[in-house]
Amino acid sequence: MAKVGEIFEGAAAIAKGMGITFKEMLQPTITEEYPDGPARLEERYRGAHVLQRDENGLEKCVACFLCAAACPADCIYIEAAENTEQERFSGGERYAKVYNIDYNRCIFCGYCVEACPTDAITHGHGFELASYNTSTLIYRKEQMLVPLPEGGKAPSQRTPIPAGAGEAVSVSTRT
Ligand code: SF4
Ligand code: SF4
């Protein structure tokens, strides 16, 4: 009796599978034109990382190292530095002076994104990372940081020291 049940279960599974097959056969054919056309990626696709800015244009990364600690591939390298009154790069006490991700090692697991307390690091949709030169796969902060809007200027960079507090410092921007 058990064997009869197994036969029915098998037949039901085959019928279900064939039903999906026939349903797909009736759908219009979609041809991906990549690389001649843009690739279609799902919203949550985990591509190359993006380092975000806040609404004031400051870097969201505060160099807390939590992403580096969470990374199972040990591919994030950070050097932290202090913001000063004259030079401010992030909204916190510290900012990432150096922030590298080694894409020779990254497995795109997303743990760094999950670990970040300020949503500073996210996955973008960049996926064309292949290279014959592995040294080019070490991405630096400057490559990953969201660019400022056209004509925009980060508020951080160098503000003049108040009169009488020392030598005047010329206003400049960081690129
Ligand atoms: S995606 Fe995973 S492997 Fe890649 S940098 Fe983030 S934590 Fe590390
Ligand atoms: S990206 Fe996020 S988790 Fe990583 S150092 Fe910056 S603030 Fe911390």
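Modeller: Helices (H or I, at least four residues) and strands (E, at least two) are DSSP runs, numbered from the N terminus. This is a predicted model.

Biologist: In what order do the elements of the protein run from the N terminus on?

Modeller: The protein has four helices and five strands. Read from the N terminus on, the order of these elements is α-β-α-β-β-α-β-β-α.

Biologist: Where does D74 lie, and is D74 buried or exposed?

Modeller: D74 belongs to the loop between α2 (66–70) and β2 (76–82). Its phi is near 55°, a positive value in a residue other than glycine. A residue is exposed if 12 or fewer other C-beta atoms lie within 10 Å of its own. D74 has 10 such neighbours inside 10 Å, so D74 counts as exposed.

Biologist: F108 also has a positive phi. Which loop holds F108, and how exposed is F108?

Modeller: Phi of F108 is near 55°, and F108 is not glycine. The loop in question runs between β3 (94–102) and α3 (111–115). Around F108, 16 other C-beta atoms lie within 10 Å. The cut-offs are 20 or more for buried and 12 or fewer for exposed, so F108 is partly exposed.

Biologist: How many Å apart in space are F108 and A73?

Modeller: In sequence, F108 and A73 are 35 residues apart. In space, C-alpha to C-alpha, the distance is 9.6 Å.

Biologist: Which peptide bond is cis?

Modeller: Look at P35, in the loop between α1 (2–25) and β1 (49–51). The bond leading into P35 has omega near 10°. That cis bond runs from Y34 to P35.

Biologist: How many bridges join β2 to β3, and which residue stands opposite A80?

Modeller: β2 and β3 run antiparallel. They are joined by seven bridges. Opposite A80, in β3, stands A96.

Biologist: β3 has another pairing, with β5. Which residue of β5 stands opposite I101?

Modeller: β5 covers residues 138–139. Over two bridges, β3 and β5 pair in the antiparallel sense. The residue of β5 opposite I101 is Y139.

Biologist: Which element gives the most to the largest nonpolar core?

Modeller: That core has 18 residues. L51, C61, Y95 and I121 touch the most other members. The element that gives the most to this core, with four residues, is β3.

Biologist: Which residues is Y95 in contact with, leaving aside its neighbours within four places in sequence?

Modeller: Y95 is one of the core residues that touch the most other members. So is C61, and C61 is in contact with Y95. With those sequence neighbours left aside, the full list for Y95 is E59, C61, V62, A63, A81, N83, F89 and S90.

Biologist: Which residues come nearest to ligand 1?

Modeller: There are 13 residues around ligand 1. They divide into twelve nonpolar, one polar and no charged. Nearest come C71, C106, C109, Y111 and C112.

Biologist: And which come nearest to ligand 2?

Modeller: The shell around ligand 2 holds 14 residues. Of these, 13 are nonpolar, one is polar and none is charged. Nearest come C61, C64, L66, C67 and C116.

Biologist: What share of the residues in the protein is buried?

Modeller: A buried residue has 20 or more other C-beta atoms within 10 Å of its own. The protein has 175 residues. The buried share is 14%.

Key: Residues are numbered from 1 along each chain as its sequence is written. Chains are lettered from A and ligands numbered from 1 in the order in which they are written. This is a predicted model: local features need pLDDT of at least 70, side-chain atom pairs count only at pLDDT 80 or more; totals for chains, interfaces and linings use all residues. A residue is near a molecule or strand if its C-beta atom, placed from the backbone, lies within 6 Å of it. Ala, Val, Leu, Ile, Met, Phe, Trp, Tyr, Cys and Pro count as nonpolar, Asp, Glu, Lys and Arg as charged, and the others, Gly among them, as polar. Two strands pair if DSSP finds at least two bridges between them. A nonpolar core is a set of buried Ala, Val, Leu, Ile, Met, Phe, Trp, Tyr and Cys residues joined through C-beta atoms within 7 Å. Two residues are in contact if their C-beta atoms, placed from the backbone, lie within 7 Å.
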